[in-house]
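Here is a short report on a two-chain model. It covers confidence, fold, interfaces, core and backbone details.

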Amino acid sequence: MTLHDNPRSPSASPEACLDTAMHAVDNKSATFEDAGGSGANVQRLNPGLAADPVIWAEPKTHREEKMKKFLVALTSAAVALTAAAASAEEPKRGGTLTFSYRIIAGHFNPTIASGTPTGIPGTQLFAALLRFDDEWNPKPYLAESWDISDDGLTVTVKLRDNARFHDGKPITSEDVKFSIETYQEHHPFKPMYAPVKSIDTPDPLTAVFNLSDPHPAILLAFSSQLGVVIPKHVYGNTDNIRQHPQNSQDIVGSGPFKLKEFKPGEYIILERNEDYFLEGKPYIDRIVYKKISENTSRVIALEKGDVDLTAFESDAPVLDRLKKNEHLTLTPDGYSAIGPLEWLAFNTKRKPFDDKRVRQAVAYAIDKEFILKVLYGGYAQRSLGPIHPGSVFAPKDVNPYDYDVEKAKALLDEAGYTPDADGIRIRTTLDYIPAGGTWKRKTEFVKAQLKKVGIDVTIKASADFRAWIKTVSNHEFDMTMDSVFNWGDPVIGVHRTYQSTNIRPGVPWHNTQQFQNAEVDAVMDRAGKELDRDKRAALYGEMQKLVVDEAPIAYLHTSPYHTVFNHERIGNPPVDSIWGVCSPWDEVYIR
Amino acid sequence: MLLLAVVVFNFILLSLVPGDIADTLAGESGGASQEVMDDIRRTYGLDRPFHIQLATYVGKVVQGDLGTSYYFNLPVTELILGRIAPTLLLVVTALVLAILIGTLFGVIASRRPNGLFSHFVTVLALVGFAAPVFWTAFLLIVLFVAMLEIMPLSGLVDPTTPRGTLTWYLDVLHHLFLPVLSLSSIYLASYSRLARASMMDVLGSDYIRTARAKGLGETSVTYKHALRNAVIPVITIAGLQFSHIFSGAVVVETVFTWPGLGTLAFESILRGDTPTIMGILFFSAMIVIVVNLLTDLAYRLVDPRIRSARNA
């Protein structure tokens with residue numbers, strides 16, 4: 001099969017808006033989430049008119065839900081029409097965009113680190129082979145076209161002929177080969193390019209990937225920060241790329257923006273790449289990426305208009321406050337590839353959590369809706385299984401473990417954990433990832449909830465992130481509150497948590513639950529080599545049913561990440577891709 | 001020798017902390033593999049035995065090399081030198097202002113211990129002590145940034161201002177105002193209180209009575225005779241406080257995203273960037289020594305007894 005596509009049109013174009021809205025109207029059987037999704041898209045175009053997406057996420061009775069769906073579809077259509085008319089303006093060239101984030105990375109070379117602080121500027125500085133729209137469809141980027149052979153073992157990529165690095169040298173298949181090999185050797189996500197046996201470069205614009213097995217994740221791995229192309233003539237001159245000075249200064253990139261200045265720990269200034277291979281783009285002259293680590297300071301900067309765009313905002317009070325500002329738009333869009341989940345994990349090799357019934361009891365005993373509404377202010381979404389609800393493989397028909405204290409008690413009775421004189425059945429501990437106040441509150445809440453079913457929990461606070469990761473990665477825990485990303489394809493970010501072959505003490509975010517299930521292993525193995533999306537979805541459906549029933553993890557919700565932007569200043573904000581702000585900002589413009 | 005002991009002690013202390021840079025980088029990456037963890041540890045020499053690591057580090061420090069930051073991949077000395085100027089600018093300005101204004105307030109208050117101004121100073125000191133500095137800072141932000149909109153919110157300078165021009169210096173001053181005000185508010189409280197108490201103590205002593213008996217004017221008695229003696233405790237405290245510059249400034253630096261040593265230290269600790277932490281600790285040890293020396297010199301300057309005692 002050959003996939004060949006035109007460069008995508010600007011996201012806010014009238015067609016795109018109408019499409020989404022019409023889809024919602026036509027398709028009466030559209031799921032609740034679908035309607036909410038398109039609504040959220042529309043909201044970002046015209047926030048004044050759209051209803052609150054958070055309300056849609058609340059559970060409703062069936063009739064209410066149907067009515068709501070219809071209303072949402074109608075509103076979406078109406079709003080989209082207005083928005084389409086309003087956004088018919090042409091993107092303008094020029095201007096400075098100020099972006100702010102809690103952290104600034106130490107370097108911006110995505111081939112050796114996967115984190116978003118590296119990825120956000122990294123995807124501006126370096127172009128990848130492909131990019132993805134917001135519906136998981138690959139689009140051409142550095143690659144003009146690509147082809148996967150029928151047996152799935154050969155992937156041929158044709159590069160565009162006008163692409164040049166920031167130093168003027170052409171981008172060739174040699175550079176692609178070098179980049180992917182660097183990923184294989186140094187990047188944290190080994191499964192991403194593991195099946196790539198060798199890369200042939202028959203001519204400067206053709207790269208042929210020879211795979212040991214069919215690899216459905218490869219196209220996604222070619223996008224965003226997971227597959228950027230770095231110049232071999234710059235980064236190939238060392239055997240220690242981790243300490244290459246040009247990871248942070250004098251960067252020779254391939255993307256829409258060039259590095260002008262980097263002050264470690266303070267700010268980055270990026271400038272338009274005048275020789276960018278996509279004609280007429282990018283629109284903005286300059287991106288100033290400022291670190292503002294303090295929440296309140298960042299909020300004020302946004303409100304004052306000093307900052308135009310932030311991402312990964314997750315604090316409910318912060319979001320509440322920003323939502324009130326008429327110049328700002330909040331959107332949960334653009335996080336489905338990262339797929340952030342928050343959950344409670346069990347050490348399945350320790351008593352009493354070696355018993356599946358105890359794990360299930362804990363899952364039943366926690367009021368997930370309370371956490372969502374009260375602790376997260378309605379900004380997060382319920383998640384029911386290993387895969388993020390924004391993924392095409394999201395779990396369906398799995399046991400949701402709806403809050404049920406009696407069931408929890410019954411399960412504990414069945415497992416032989418009866419209450420003692422003080423009404424306590426089990427004494428255990430709970431660790432949590434030290435990532436802010438909400439985590440602590442959530443942990444306290446879970447402690448109180450479990451008390452009700454006779455589980456006495458001692459909370460173990462870690463001094464810092466490293467202390468926590470050390471404890472968990474060495475299996476020195478009973479239960480832990482954790483946050484784990486899906487990273488787009490289940491092969492990259494999901495398998496690792498459940499594979500019995502991935503129990504590796506000392507390595508963060510391996511199968512720290514030490515969950516072992518031959519059936520799950522087998523299904524994942526098949527799903528990881530299946531190229532047909534529907535067949536794959538069926539396999540992941542099966543896998544998730546098994547895992548959710550075994551409950552090595554009590555699934556709670558998604559991370560409440562939001563991108564916030566000043567809609568009076570910014571056109572085409574980078575939220576219309578599954579990668580969100582970790583996608584190139586070459587279509588963003590200043591109004 | 002003392003400095004060397006400090007270096008060794010710091011190294012041992014920091015190696016006791018659980019987790020290392022590989023854990024941090026893996027955390028930021030949202031995942032890792034054994035190969036990458038090993039790769040990182042090998043790159044930074046963390047796979048070698050402890051005593052070898054210690055010996056290598058001490059050897060380098062003796063030659064004036066504080067190592068390379070794991071996180072920024074830059075020489076630690078360069079990193080610290082880049083951060084020390086903003087911190088000194090902030091702390092010294094705040095400290096000098098606090099000493100001058102605080103002492104003046106204290107002196108004026110001491111002249112009428114039960115007067116209105118004296119009560120004002122007492123209340124000011126109480127509030128200054130009691131109010132957490134981040135709270136003061138946020139109130140100042142609300143007033144000057146959000147409401148009056150006359151002050152910039154954060155940073156040392158607007159990154160887009162061309163460096164070295166007059167506008168650049170003015171922009172730095174503009175950015176300096178709020179952090180200095182926040183930081184000096186705590187210092188001011190202690191100095192005014194200290195100066196007031198010390199002045200009242202001195203004003204009650206015999207030689208002041210003698211001076212007054214000689215018929216000297218009150219201003220001359222206060223500022224020429226009394227102040228000179230009363231200021232000695234102020235110098236002692238200033239010397240001590242200067243050694244705390246990093247800790248005191250961390251909060252203010254964080255709130256205003258001031259690119260100083262305080263934030264660097266704090267963030268490096270969270271990141272497990274051991275060479276940077278050790279570099280900063282080494283620097284602060286040196287600063288303590290230098291400031292102690294300066295304090296002694298200042299004593300000699302204001303107190304002739306100390307001068308003669310040492311000369312004798």
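## Fold, contacts and backbone

In chain B, residues 24 or more positions apart account for 71% of the contacts with a separation of 6 or more. This is a predicted model.

**Chain B overall.** Chain B has 14 helices and zero strands. Read along the sequence, its pattern is α-α-α-α-α-α-α-α-α-α-α-α-α-α. The C-alpha trace of chain B spans about 85 × 60 × 40 Å along its principal axes. Of the 312 residues in chain B, 40% are buried.

**Confidence in chain A.** The average pLDDT of chain A is 85, and 85% of the residues score at least 70. Residues 1–66 of chain A have a pLDDT below 50, yet this stretch has 108 contacts in the model beyond near neighbours in sequence. Residues 79–86 of chain A also stay under 50. For that stretch the model has 19 contacts beyond four places in sequence. Where pLDDT is low, the predicted coordinates should not be read in detail.

**Two domains in chain B.** The domain assignment splits chain B into domain 1 (2–62) and domain 2 (77–311). Taken over C-alpha atoms, the centres of domain 1 and domain 2 of chain B are 36 Å apart. At their interface, 11 residues of domain 1 of chain B are in contact with nine residues of domain 2 of chain B. On the domain 1 side, helix H1 (2–15) and helix H2 (21–29) of chain B are the elements that give two or more residues. H1(B) gives the most, with six residues. By class, this side of domain 1 of chain B has six nonpolar, three polar and two charged residues.

**Where the chains meet.** Between the chains, 47 residues of chain A are in contact with 41 residues of chain B. Four elements of chain A each supply at least two residues to the side that touches chain B: strand E10 (267–272), strand E11 (286–291), helix H9 (295–304) and helix H15 (465–473). H15(A) has the largest share, five residues. The residues on this side of chain A divide into 19 nonpolar, 16 polar and 12 charged.

**The largest nonpolar core.** Which residues of the largest nonpolar core touch the most other members? They are A:Ala128, A:Leu129, A:Leu142, A:Val229, A:Leu344, A:Ala361 and A:Ala554, out of 223 residues in this core. Helix H8 (residues 166–203) of chain B gives the most to this core, with 14 residues. Domain 1 (2–62) and domain 2 (77–311) of chain B both give residues to this core, so it lies between them. In soluble globular proteins, nonpolar side chains tend to be buried together.

Take A:Val229 as an example. Leaving aside neighbours within four places in sequence, A:Val229 is in contact with A:Phe126, A:Ala127, A:Ala128, A:Leu129, A:Leu142, A:Ile171, A:Asp175, A:Val176, A:Ser179 and A:Ser254.

**Helix H13 of chain B.** Helix H13 (residues 274–302) of chain B has 29 residues. From first C-alpha to last, H13(B) reaches 42 Å, close to the 42 Å expected at 1.5 Å a residue. The buried residues of H13(B) are B:Thr274, B:Pro275, B:Thr276, B:Ile277, B:Met278, B:Gly279, B:Ile280 and B:Phe283. These buried residues pack against H1, helix H5 (76–111) and helix H12 (261–271) of chain B.

**Backbone details in chain A.** The table lists two cis peptide bonds and two residues with a positive phi that are not glycines.

| Site | Feature | Angle |
|---|---|---|
| A:Lys281 to A:Pro282 | cis peptide bond | omega near -5 degrees |
| A:Lys351 to A:Pro352 | cis peptide bond | omega near -5 degrees |
| A:Gln514 | positive phi | about 55 degrees |
| A:Ala551 | positive phi | about 50 degrees |

Each site has a place in a loop of chain A. A:Pro282 lies between E10 and E11 of chain A. A:Pro352 is between strand E14 (340–346) and helix H11 (356–365) of chain A. A:Gln514 is between helix H17 (495–498) and helix H18 (518–527) of chain A. A:Ala551 lies between helix H19 (533–550) and strand E18 (553–558) of chain A.

Are the positive-phi residues buried or exposed? A:Gln514 counts as partly exposed, because it has 17 C-beta neighbours inside 10 Å. A:Ala551 is buried, with 24 other C-beta atoms within 10 Å.

Notes
Residues numbered from 1 in each chain as written. Chains lettered and ligands numbered in written order. Predicted model: local features only at pLDDT ≥ 70, side-chain atom pairs only at ≥ 80, totals over all residues. Buried ≥ 20, exposed ≤ 12 C-beta atoms within 10 Å, placed from the backbone. Contact = placed C-beta atoms within 7 Å. pLDDT = per-residue confidence, 0-100. Domains from an automatic or database assignment. Nonpolar A, V, L, I, M, F, W, Y, C, P; charged D, E, K, R; others polar. Core = buried A, V, L, I, M, F, W, Y, C linked by C-beta atoms within 7 Å. Expected span 1.5 Å × (residues − 1).
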